[in-house]
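Please open the structure in a viewer and keep the selection tool at hand. The tour proceeds by selections, each followed by an account of what is found there.

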Amino acid sequence: MTRPIRATIDLSALRGNFAVARQRAEGAALWAVIKANAYGHGLMRAAGALDDLADGFALLDLEDAVALREAGFRQPILLLEGFFEADELPLLAEHRLTPVVHSLEQADMLTSAALPARLPVYLKLNTGMNRLGLFAEEFHAALTALDTSPSVSGITLMTHFADADNARGIDWQMARFEEAVQGCDHPVSLANSAALLRFAEARRGWVRPGIMLYGSSPFPQDGSAEALGLRPVMTLASQLVAVQELAAGERVGYGGLFTAERPMRIGIVACGYADGYPRHAPTGTPVLVEGRRTRTVGRVSMDMIMVDLEGIPDAGIGSPVVLWGEGLPVDDVAAAAGTVSYELLCALTPRVPVVEKE
Ligand SMILES: *Cc1c(COP(=O)(O)O)cnc(C)c1O
């Protein structure tokens with residue numbers, strides 16, 4: 001017997017969610033965003049499942065892009081932070097990778113390189129996220145330099161939205177984008193998952209869905225994943241490995257953060273922060289035991305969490321537990337823990353065995 005924790009990755013759900021993105025994109029081409037080990041789901045696994053569906057793959061690390069090429073993936077591959085040193089450029093050209101160019105330094109490295117093949121590039125405009133990208137004036141200088149550079153085969157103009165999932169929306173950034181690109185007839189790339197789902201004007205050129213592919217809502221406060229037609233891809237499941245009968249007044253776990261107000265049964269689950277479960281998830285975070293929704297009690301420890309078994313009298317050692325996924329949206333767990341699904345999914349640790357489901 002091994003420790004009972006497992007992450008099951010449902011590949012048909014991943015493909016189904018991609019189909020939702022395809023349908024909602026209204027003819028725009030789709031990058032499948034598989035950065036951060038495909039949001040914790042496994043880079044090669046996700047790319048394999050989406051191979052015949054995605055128009056391209058978007059990620060961060062050059063090593064990952066090269067690994068995809070070596071595994072035989074032929075689609076365009078977008079490097080979302082571009083390159084970091086000029087000496088990476090020959091490798092980008094050799095593997096037909098598409099870098100984002102978000103700074104004048106990168107534009108200079110590219111225009112002064114002598115490459116074996118021309119590179120397609122994404123030129124990034126900063127429209128208010130104020131993280132990566134060029135302001136309008138620099139953007140035009142870089143565009144002119146890249147347009148005439150023998151290192152460059154084609155240019156797509158991109159930006160990234162800061163508040164596509166919130167009330168502030170994208171109008172203010174769209175206005176800055178439209179103003180800056182006026183008169184340019186290059187293709188564009190604008191939308192993340194939230195913008196793709198919420199804003200028709202962002203469904204142009206190439207869209208860049210990430211989180212929705214993994215079955216989580218990009219705006220859980222306004223609409224559940226299920227209501228969007230998305231299915232969970234990762235199910236993190238384990239079992240009860242012990243049961244305790246507590247007298248009133250007994251406290252639970254490190255720091256004794258939870259006190260039983262009356263006699264109660266609690267279950268001990270083989271899952272802790274060393275598996276990627278958030279340590280800051282407070283008492284009351286939802287969890288499924290025997291398919292019934294209950295709550296965590298006390299502090300999450302490295303290898304275990306404790307759960308309330310009230311109303312689940314048949315629960316005992318070996319009872320199945322779902323931490324998130326099928327039957328318990330990761331968005332609900334993230335909301336209770338004060339974070340977002342992205343962080344929970346990405347944080348799954350290598351010690352958790354992964355099982356694929358077709
Ligand atoms: C991560 C990322 C995306 C995908 O965002 P989601 O919210 O996961 O859909 C799109 N574009 C860029 C530039 C990103 O970094």
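The stops below concern two helices, the ligand and a loop residue.

The coordinates come from a predicted model.

**Helix α4**

Begin by selecting residues 62-70, which form helix α4. Display the side chains of Leu62, Ala65, Val66, Leu68 and Arg69, which are buried. These five lie on the same side of α4, because they cover an arc of only 155° around the axis. Then turn to the other side of the helix, where Glu63 and Glu70 are exposed.

To see what the buried residues of α4 pack against, add α3 (43-50), β3 (56-59), β4 (77-79), α5 (89-94) and β5 to the selection. Before leaving this region, select glycine 72, just after α4; this residue takes a positive phi of about 100°.

**Helix α7**

Next, select residues 136-147, the twelve residues of helix α7. From first C-alpha to last, α7 reaches 16 Å, close to the 16 Å expected at 1.5 Å a residue. Which residues of α7 are buried? They are Phe139, Ala142, Leu143 and Leu146. Their directions cover an arc of only 105° around the axis, so they fall on the same side of α7. On the other side of this helix, Glu137 and Thr144 are exposed.

Now show the elements that cover the buried residues of α7; they include β5 (97-101), α6 (104-111), β6 (119-124), β7 (152-158) and α8 (171-181).

**The ligand**

Select the ligand and display the residues around it: Val33, Lys35, Tyr39, Leu80, His160, Asn192, Ser193, Arg208, Pro209, Gly210, Ile211 and Tyr342. Three distances merit inspection here. A polar side-chain atom of tyrosine 39 is placed 2.5 Å from an oxygen atom of the ligand. For serine 193, an N or O atom of the side chain is likewise 2.5 Å from a ligand oxygen atom. Arginine 208 brings a polar side-chain atom to 2.9 Å from a nitrogen atom of the ligand. A surface display of the ligand is useful at this point: taken alone, the ligand exposes 390 Å², of which the protein buries 92%.

**Serine 301**

Finally, select serine 301, in the loop between β15 (292-297) and β16 (305-308). Is this residue buried or exposed? Serine 301 is buried, because its relative accessible area is 11%, which falls under the 20% cut-off. To complete the view, display Tyr254, Gly272 and Tyr273, with which serine 301 is in contact once its neighbours within four places in sequence are left aside.

Key
Residues are numbered from 1 along each chain as its sequence is written. This is a predicted model: local features need pLDDT of at least 70, side-chain atom pairs count only at pLDDT 80 or more; totals for chains, interfaces and linings use all residues. Side-chain values use heavy atoms; hydrogens and water are left out. Helices (H or I, at least four residues) and strands (E, at least two) are DSSP runs, numbered from the N terminus. The expected span of a helix is 1.5 Å times one less than its number of residues. Buried means under 20% relative accessible area, exposed over 50%, partly exposed in between (1.4 Å probe, protein chains only). The arc is that of the directions from the helix axis to the C-beta atoms. Contact means heavy atoms within 4.5 Å. A residue is near a molecule or strand if one of its heavy atoms lies within 4 Å of it. A polar contact is a pair of N or O atoms within 3.5 Å; within protein, one must be able to donate a hydrogen and the other to accept it, and residues adjacent in sequence count only if both atoms are side-chain atoms. Accessible areas come from the Shrake-Rupley method with a 1.4 Å probe; for residues, only the protein chains shown count as cover.
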